[in-house]
Amino acid sequence: QKSDLKSIATATPIKTSMAMRTTLLALLLIAAIAAYWIETSFLRTNIAHHTDIWKNYGAELAWDGKRPLNVLFMSWGSRGDHQPNVAMALELAKLGHKVIVLGLEKYKHIIEQHEPAILYRPLYDDYIINLINNQVPKGDDDGDDPIKSITQYSFNSSEQLVNQYIDSALSTLPEEHGGGEIDVLFGSYAPPILLHHITVAETIKKPLFLLTHDPFLPSESYSVNPDEGRCVDNGRRANVLLSHIGSTLFGFMFTFGETPWRKLRRDLGVKTNFPFFRFTHHKYLVNFPIFDTSETNLWPRPNDWPSHWYATGFFEMPKDSKQEFDGGNELQLWIDERKEKFNRPLLFFGQGSFTSLDRVAMTQILIDTCERLQMDAVALATTIDFDGRPPPPFIKVVKEADLSSVFPQCSVIVHHGGGGTSSQVIRSGTPGVCMPFFLFQNNWGAQLRDIGAGTLVDTKEIRDAWNKNETNLLLDAVEEVMELDVQKAAAELGLKARESRAGGVQFAAKKTIEILQAYQNRVSNLKKDQSALKDDF
């Protein structure tokens, strides 16, 4: 008995030890599987090989691949959002297709001057000006929450804009323009308007292409850093994780609960994706072909993008297209005359096509800068205000300007950091002072500052310092970018940009037709296969 007890006592620890090892191995295996699942599902995009475009809503395309397509551009926002659409529309028209461009009345002239090659239809947006004004940092709670103002704009404008887009998409083209219904839609990848354009496409089941002018598409290569409000490489895992967080945040704000969007989408008969719709998530966006027009020399095309996401560079207007600008010839005569008489450096001063809130302060800052640095200036009427008085002889005020012509003649460009304007700044080879007023516009200025080809200032600090004691903080920034090393870096970057991404809009137009032809062939083959299966049955 003693011997048996001894053997039992000896065996028990061995069995216990084996059970513990087995349990530990099982737990390690579960942890490894969980880690792999988290890594592949949450810390990688896994969209590089996705090819099934428009599968999420079954876009319909009744096209034989030969007749002209009827295309609708759902424009929105500023001039910088309208002009790339016009450039793309003109290229598609050159290929023989019929194009309508919806646009705000403020910018109808940049579309109508190209008729009958493309057609203009008006878009009415009662809420856009509030969105712009609420982006300007005013130092109080009402003006310093850009995410809140974007959400509110999206809610308020949802029904008005979506209904206009749908009405235009379902109406036929004029007989003299070929007639027929719209075949294809173009929209914008921008959080305030993206859900509008997606909702239209899903409602009428038409192919939707997206354009983006800022480098904010989901990627493992870079992401929006919330602390800096700019797009940088935060590390692969952090980039994907921030993309998840961003899409969840926007989806929650826009579509959680009984929001205007949930009600509108339900009324239109499209998915609401309860409990909320992550419309900016990479697994959803991969359903759409996208043309990214941001500067590839600053943000190269990521390797994890699907093949139908293209980095094209800025969409330049076709060289043979006529473009009329306010006082175009008069402006060039003024520049030439000032250069011949005084040979002073030329400064461009403008904060985009929307009217600035504090134009009086901006006017005084500009005058002080020009006087102290002995410069001439071309200034946008939306940014400054002389209150009916004539400007001093060294300042030329214009409603708009041909930036591709004016920027290369400047020594410094003070701009707001919009995607279109920033691309023009880069291509001109002239250094810029980025003075942003809209969410994430500092992105361009910060990137150029980091490579020594420009600088970035805080608009609120500039304005507050002047209004407090007439301290001109813009002066130092202008002097900084007039340094020889900054001028040289900007010139080198401009040369790269002009050479590396020439013909981006022509490439995008041809790719659009190729994608549609491939999609139509695939759908036709699928229908034939389904018909054959029915016959066999």
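Which residue follows α15, and what is the sign of its phi? The residue is Glu470, and its phi is positive, near 60°. Helix names such as α15 follow DSSP runs numbered from the N terminus, where a helix is H or I over at least four residues and a strand is E over at least two. The structure is a predicted model, in which local features need pLDDT of at least 70 and side-chain atom pairs count only at pLDDT 80 or more, while totals for chains, interfaces and linings use all residues. Residues are numbered from 1 along each chain as its sequence is written, and side-chain values use heavy atoms, with hydrogens and water left out.

To begin with the whole chain, 18 helices and 15 strands are found. Of its 537 residues, 52% count as buried; buried means under 20% relative accessible area, exposed means over 50%, and partly exposed lies in between (1.4 Å probe, protein chains only). Contacts, meaning heavy atoms within 4.5 Å, also give a picture of the fold. Among contacts between residues at least 6 apart in sequence, 69% join residues at least 24 apart. The chain exposes about 25100 Å², and carbon and sulfur atoms supply 55% of this area. Accessible areas come from the Shrake-Rupley method with a 1.4 Å probe, and for residues only the protein chains shown count as cover.

Helix α15 (residues 459-469) repays a closer look. Its buried residues are Thr459, Ile462, Arg463, Ala465 and Trp466. Seen down the axis of α15, these buried residues fall within an arc of 165°, so they line one face of the helix. The arc is that of the directions from the helix axis to the C-beta atoms. On the other side of α15, Glu461 and Lys468 are exposed. The cover over the buried residues of α15 includes α11 (359-373) and α16 (474-481). At the start of α15, a side-chain oxygen of Asp458 comes to within 2.9 Å of the backbone nitrogen of Lys460. Beyond the helix, Glu470 lies in the loop between α15 and α16. Glu470 is not a glycine, although its phi is positive, and at 57% relative accessibility Glu470 counts as exposed.

Helix α11, part of the cover over α15, holds a salt bridge of its own, between Asp368 and Arg372. A salt bridge here is a side-chain nitrogen of Lys or Arg within 4 Å of a carboxyl oxygen of Asp or Glu, and by this rule the count comes to 21. In the pair in α11, the closest N and O atoms of Asp368 and Arg372 are 3.2 Å apart. The two residues are four residues apart, about one turn of the helix. Asp368 counts as buried at 16% relative accessibility, whereas Arg372 is exposed, with a relative accessible area of 52%.

Another salt bridge joins the side chains of Asp183 and Arg67 (2.8 Å, N to O). This pair links distant parts of the chain, 116 residues apart: Asp183 is in the loop between α5 (146-170) and β4 (184-188), and Arg67 is in the loop between α1 and β1 (70-74). Asp183 counts as buried at 7% relative accessibility, while Arg67, at 29%, counts as partly exposed. A further salt bridge brings together the side chains of Glu105 and Lys108 (3.9 Å, N to O). Glu105 is partly exposed, with a relative accessible area of 49%, and Lys108 is also partly exposed, with 31%. Salt bridges can also be linked together, and Asp52, Lys55 and Arg522 form such a network.

The backbone has some features to look for as well. The peptide bond from Glu115 to Pro116 is cis, with omega near 10°, and Pro116 is placed in the loop between α3 (109-112) and β3 (119-123). The peptide bond from Phe274 to Pro275 is cis too, with omega near 5°. Pro275 lies in the loop between α8 (260-268) and α9 (282-285). The loop between α8 and α9 is also the place of Asn273. Phi of Asn273 is near 50°, a positive value in a residue other than glycine, and Asn273 is partly exposed, with a relative accessible area of 34%.

Finally, the surface carries a nonpolar patch of about 320 Å², made by Leu24, Leu25 and Leu28. Patches are made of residues with over 30% relative accessible area and no salt bridge, with like charges joined within 9 Å and nonpolar side chains (Val, Leu, Ile, Met, Phe, Trp, Tyr) within 5 Å. Of the patch residues, Leu28 is found in helix α1 (residues 2-42).

Terms used:
A polar contact is a pair of N or O atoms within 3.5 Å; within protein, one must be able to donate a hydrogen and the other to accept it, and residues adjacent in sequence count only if both atoms are side-chain atoms.
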